[in-house]
Amino acid sequence: MKKILLGMAALAVMLPATMEWALRQSNVVWATEQTTEELPPPDLYKDTPDWYRAVYKDNVGLSEGAGPFSKYFKPQMLDMYWQPNRHYEPMENLDHSIFIEQERRDLCVICHEEATPGIVADWRSSGHKNPKSTPYLSSRTALIEKNVGRVLNEVHCFDCHADTEKKQIRMPTGEVCGGCHRQQFDEFLREREMGRPNHLQSWEANTIVPWYAEAARRGYLYGQHGCDMCHSGAEKCDVCHTRHKFSAVEGRQPEACITCHMGPDHPDAESYGESKHGVIYEKEEEHFDFTKPLVEVRPGKDYRTPTCQFCHMYEKHGRFIHNPVMKGIWRMGTIPPSNLEYTSSLKDYPYGINLIPDKIDIYSEENVAKRSYWLEVCANCHSDRFADTYLKSLDQFMFQAHTLADQAQKIVEDLIADGILYPDAANRDPYPLSDGIVNELNADFLGEPVYNAFKTLKGKFPVVGPILGVYGMFLQQQDNPSHIENEYNRLWFWYKLQGYKGTAHAQQDVSWWWGQAPMMMSMTRIQSEAARLRREAGLEKK
Amino acid sequence: MKPKGLFYKFGFLSAAVFSCAVMSVNMRPTTASAIEIPTEVTEEGKNVYKKYCSPCHGEEGGGDGPLSRSMIPKPRDFTRGAYKFRSTPSGSLPTDEDIFRTISYGVPNSTMIPWDILTEEQRASVIPVLKSFSEAFEYREPDAPVEVGLPLRPTERTILEGKKIYEEKLECWKCHGVEGRGDGPSAAEQEDDFGFPIKPFDFTTGKFKGGNSPTDVYLRFTTGLNGTPMPSFAKELSDEERWYLTHYVMSLVQPEECEE
């Protein structure tokens, strides 16, 4: 008996050491014990200059707007949900700080189950509620556990919405998501490398343009829902992975894109949706396996045709990336190519303005490489020659469209040069926010000639063509722009872009009837309007 | 094993059980009766009410705070002195302890959370504030709490008797549905005294609004829910019958649905 007791005592003493040894043998390292690599916290504005952070990231509540012209307008209250970093203010009606101070996680759901049952139901069915409900989710969660250094059996309201420093509720931005989903966050951040247009800088695209601030200053902010509800995608992940399910499966479906990617300036939904690719998707939707990460999708088996995500999120050499802009060559179709001889002032585009990108060299080394990555995608189903021929035909379509736009711009510019544009710039409202442009920008941003023009002429001069000439579609002012200028805007900003999307997404009807045909008809209208103006000017002289 | 060994084993176990019992006694929250409820409105009470209650219940207790407009069910309007969860007979005002209990326990299936996040003193301090919203408390005293008869142990027979009452004698199913899901034929027509539609309780959820113990449920049948179409059955049913009914409606709970 004594021996047994002695043995047991010895075992008891040795047990911890034995267990530790056994654990080491089996390579088990608990999540909490794993060492984590120290990363700086996720920052949507990483590597941006101080002035930029100060007007986009620093929270000013609703006291002023965002962007270089932020002092010229106050945001609408809704902007706090769309740009939380800049504008969010916690609710005044009910102070939630007590729940955060006491970390009463249980109470969130008890109240919101009744107050907002939909979002609680969403969360309950999400991977956040049950991050280990499937082997796949478990494996992904294990990676996150390793990175964040804690065990995640549930990701709770509190984890994303509680600002434990300020003891306030916060509206999560991508930076909150990036705390766990770092890879996706960092890949999304790479959009900045590619330049605008992109998602990450979409609020910049909204607010850096003077017509937005001018409209806001004039009290037309509530007409801007059409701009804001898409361009607010800059900071948030729920644009594609809607709250509070935040589903990857949802984000992989073409429908995730279409609320923004539709309409006259980029009819992606229409052109993809009615193309053979889109029609097959619609007919055979139930055969698409969206639970698979894109990299595991077997073309022809999991997807019979490509989705927006499959083509646009393919990076290169079999790799996918968590942003859809990496292979963009024509960049939404607005930027003129450098491969054409222009007759209009487009030959000088972008006129020394540093805020807008240079012309695109379609045959640059970078773009030729990007094209080869596109061909890798197409090669899942199409021969290299067929795909290459098709995409080259897209290039030719774009060259022709830009040539037509150049001719139209020349007509308008000749009218200006001959003093025939009516009403002329001296007798109409100035260019939007000209005073703000002079005060807030400088020659570094606009280049010497353009900045000086604003400074001396105070906006009393015509601005035509991409991209600053598009203001007539976003702001209505007295006689500015005139009819012929607006007609030209429609040609290059609507019809050219519609034709581009129709051709790029292989939708013949959109290519012709929304693109090529209206472009030609618009050109005719511009020609006859120019002829009318010249005739009237001639008659006046007599 | 020697008897001595056995003794030690049980000795240890009983010591452990005892210390657990002591600990649980210490950890038990102080009951309502043990804390002092102020009789007059205090500054603290006003402040607590303003900060934590008025967003839903309104500055003047009219159930019309800024958050109330999108809420269903609507927050209680205190101006009528009609309180659902009481220990007092139908139509009577609640006792202070009743109000304290509702504040601390909350009302399941509503946005009224258990406000145990506030200290007991804070919770007690709002009671005179709530009462100040209704004249009723100036003119009347709450009746004495109803007597809770000797509880019955639930058996097959008591549940069956309860079922008969539910289905035949009182026809509870007309509002609460045959399976107790709150979906009886008259469910959609129900309105509370404030003119808002009110959903008959769904027993399958298991989240009894006035508390989950059999006594809590028994009390609802005995006192009724003031301000709602749910009457008291103190007269229609004998004490035993109310226990039968309690056992029956508690048998309707669907445990797997409660887990949600």
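Me: Why is Phe196(B) called partly exposed?
Reply: Phe196(B) has 13 C-beta neighbours inside 10 Å. A residue is buried if 20 or more other C-beta atoms lie within 10 Å of its own, exposed if 12 or fewer, and partly exposed in between, with C-beta atoms placed from the backbone. A count of 13 falls in between, so Phe196(B) gets the middle label. Keep in mind that this is a predicted model, where local features need pLDDT of at least 70, side-chain atom pairs count only at pLDDT 80 or more, and totals for chains, interfaces and linings use all residues. As for names, residues are numbered from 1 along each chain as its sequence is written, while chains are lettered from A and ligands numbered from 1 in the order in which they are written.

Me: Where does Phe196(B) sit, and what does it touch?
Reply: Phe196(B) is in the loop between α7 (173-176) and α8 (214-223) of chain B. Leaving out residues up to four places away in sequence, Phe196(B) touches Pro73(B), Lys74(B) and Glu191(B); contact here is C-beta atoms, placed from the backbone, within 7 Å. Phe196(B) is also 12 Å from Gly63(B), C-alpha to C-alpha, with their positions 133 residues apart in sequence.

Me: What about the peptide bond that joins Ile72(B) and Pro73(B): cis or trans?
Reply: That one is cis, with omega about -5°. Pro73(B) belongs to the loop between α2 (43-57) and α3 (96-105) of chain B. Chain A has a cis bond too, from Pro466(A) to Ile467(A), with omega near -10°. Ile467(A) sits in the loop between α25 and α26 of chain A. Most peptide bonds are trans, and most residues other than glycine have a negative phi.

Me: Which phi does Met332(A) have, and how do you know whether Met332(A) is buried or exposed?
Reply: Met332(A) has a positive phi of about 70° and is not a glycine. Its place is the loop between β4 (319-320) and α21 (365-378) of chain A. With 16 other C-beta atoms within 10 Å, Met332(A) is in the middle class, partly exposed. Tyr351(A), in the loop between β4 and α21 of chain A, has a positive phi of about 60°. Tyr351(A) also has 16 other C-beta atoms within 10 Å, which means partly exposed again.

Me: Why is α6(A) called oblique to α7(A)?
Reply: Two packed helices are described by the angle between their axes and the distance between the axes. Here α6 (residues 105-115) and α7 (residues 117-124) of chain A have axes that come within 5 Å and cross at roughly 120°. The axes are lines fitted to C-alpha atoms, for helices over the stretch in contact, and the angles run from 0 to 180 degrees between N-to-C directions. Under 35 degrees is roughly parallel, over 145 roughly antiparallel, 65 to 115 roughly perpendicular, and the rest oblique. That leaves roughly 120° among the rest, so α6(A) is oblique to α7(A).

Me: Which residues make that contact?
Reply: Val109(A), His112(A), Glu113(A) and Glu114(A) come from α6(A), and Pro117(A), Ile119(A) and Val120(A) from α7(A).

Me: What makes a set of residues a nonpolar core, and which elements give two or more residues to the largest one?
Reply: The set must be buried Ala, Val, Leu, Ile, Met, Phe, Trp, Tyr and Cys residues joined through C-beta atoms within 7 Å. The largest has 47 residues, and Tyr212(A), Ala213(A), Ala408(A), Tyr488(A) and Leu491(A) have the most contacts inside it. The elements are α14 (210-217), α22 (384-417), α25 (448-457), α26 (483-504) and α27 (508-541) of chain A. The biggest contribution, 10 residues, is from α26(A).

Me: How many helices and strands does each chain have?
Reply: Chain A has 27 helices and four strands, and chain B has 10 helices and zero strands. Helices (H or I, at least four residues) and strands (E, at least two) are DSSP runs, numbered from the N terminus. Of the 542 residues of chain A, 36% count as buried; for the 260 of chain B the share is 35%.

Me: Where is confidence lowest in chain A?
Reply: In helix α1 (residues 2-25), with a mean of 58, whereas α22(A) is highest at 98. Those values are pLDDT, the predictor's confidence in each residue, from 0 to 100. Where pLDDT is low, the predicted coordinates should not be read in detail. The mean for chain A is 92.

Definitions and conventions: Contact = placed C-beta atoms within 7 Å.
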